[in-house]
Amino acid sequence: MDLLNTLVDKGLRRESPTREEALAVLATSDDELLDVVAAAGRVRRHWFGRRVKLNYLVNLKSGLCPEDCSYCSQRLGSKADILKYTWLKPEEASKAAAAGIAGGAKRVCLVASGRGPTDRDVDRVSKTIEAIKEDNEGVEVCACLGLLSDGQAERLRSAGADAYNHNLNTSESTYGEITTTHTYADRVDTVRKAHGAGLSACSGLIAGMGESDEDLVDVVFSLRELDPDSVPVNFLIPFEGTPLAKEWNLTPQRALRILAMVRFVCPDVEVRLAGGREVHLRTLQPLALHLANSIFLGDYLTSEGQAGRADLEMIADAGFEVEGAGTTTLPEHRVEAAAGDGCGTGGVCGSGGVCGAPPETGADGEADATAPEGRPDLVAVRRRGAGTDLAPNA
């Protein structure tokens, strides 16, 4: 298939595909799926071998968010029956993080609901970061606290944070249909603040919200321009009690095509298989490891994932290996660019290229004729781990 040969060649050179090529990946048929996975897998293995990085989420503060993001079970007005609790104490968060680290997690992601942190919140999270780092030598810590104000990213970096996550989620043109309490530009600004403070930028998307192929390609190309080190690919978990509860738009095959498209557009970036993989990929999860080089271990913020032991068995059975703490995740050229601020633009290339790099829908975005069946039975609300007295899933 000429398209796939072209995309592999470009991926090995860190060259961006065209928008038309990216759309063509999403338009491939189920008969071509294994060819698409194999091609994107060549790019993944070239830059990341057969390593899988494990990440572990700790929900520092659950629910009660004033923002109206339609996809979120913690949103303003959510009727979802999720855990609700205020800030974990630093020692509680460190204990929760330790469970994931013991299960093999290399990075701990500290998440708190809300529009963005107050200065007091930053102090609180800084103490949590320090506690985790003191108890777990060598672990990476990523914070995800919402929109950042001036100076907050620098304070988190001083406390020991390695990365900051803030997803773009969807295309700029449709962002207002998903969220009205902040803007797409607000999100871009926070990613740039994190990058400018020396934090590893982590920013991704949510697929399955009713978006078109063009929306998916738009947001992934926008992410490439921002040049984050890691791109989490979430698949919408349609929680009952949220505006998108009836949006069951994904099949396992489409989810794999989306992951392949992201890998081709962001060849040398940590592509993370994130929320919703169990719900939408189901038995095809192992195939996704040929596309993504990073996953979350165990549970998510407000939903339960498959057992941590099952995650580890899946990785081993698929012929992959868990990335050790002493291994650098990113390719050497990206590490060197980050250390030297790359091309001098804080990692944001105005040309839309990667810093250091050389200069069931159709391509028209129409919906499938046969919509996938919803599987609300697969959406399990988290009832264990942080904020409860029960042991976490790690």
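Here are a few questions and answers about this predicted model.

Me: What makes the set around Val 58 and Leu 156 a nonpolar core?
Reply: A nonpolar core is made of buried residues such as Val, Leu, Phe and Met, joined through side-chain atoms within 4.5 Å. The largest one here has 93 residues, and those with the most contacts inside it include Val 58, Leu 156, Leu 205 and Phe 264. Helix H10, residues 252-265, gives the most to this core, with 9 residues.

Me: And what else does the model hold apart from that core?
Reply: Another core lies apart from it, with 9 residues, among them Leu 57, Cys 142, Ala 274 and Tyr 300.

Me: Which residues does Leu 156 touch?
Reply: Leaving out residues up to four places away in sequence, Leu 156 touches Val 122, Val 125, Ser 126, Ile 129, Ala 143, Leu 145, Leu 148, Ala 161 and Tyr 164. Some of those names come back in helix H5, where Val 122, Val 125, Ser 126 and Ile 129 are among the buried residues.

Me: How do you know that the span of H5 is close to what is expected?
Reply: H5 has 17 residues and reaches 25 Å from its first C-alpha to its last, and the expected value at 1.5 Å a residue is 24 Å.

Me: What covers the buried residues of H5?
Reply: The cover includes strands E1, E2 and E3, along with helices H4 and H6.

Me: Why are 3 residues lining the second largest pocket called charged?
Reply: Asp, Glu, Lys and Arg count as charged, and the lining includes Glu 92, Lys 95 and Asp 389, so the class has 3 residues. The lining also has 6 nonpolar and 3 polar residues, and the pocket's volume is about 270 Å³.

Conventions:
Residues are numbered from 1 along each chain as its sequence is written. This is a predicted model: local features need pLDDT of at least 70, side-chain atom pairs count only at pLDDT 80 or more; totals for chains, interfaces and linings use all residues. Side-chain values use heavy atoms; hydrogens and water are left out. Buried means under 20% relative accessible area, exposed over 50%, partly exposed in between (1.4 Å probe, protein chains only). Helices (H or I, at least four residues) and strands (E, at least two) are DSSP runs, numbered from the N terminus. Contact means heavy atoms within 4.5 Å. The expected span of a helix is 1.5 Å times one less than its number of residues. On a 1 Å grid over the protein atoms alone, a cavity is a set of points where a 1.4 Å probe fits but cannot get out, and a pocket is an open set with protein on both sides within 12 Å along at least five of seven lines; lining residues have an atom within 4 Å of a point. Grid points are joined across faces, edges and corners, and a volume is the space filled by probe spheres set on the points.
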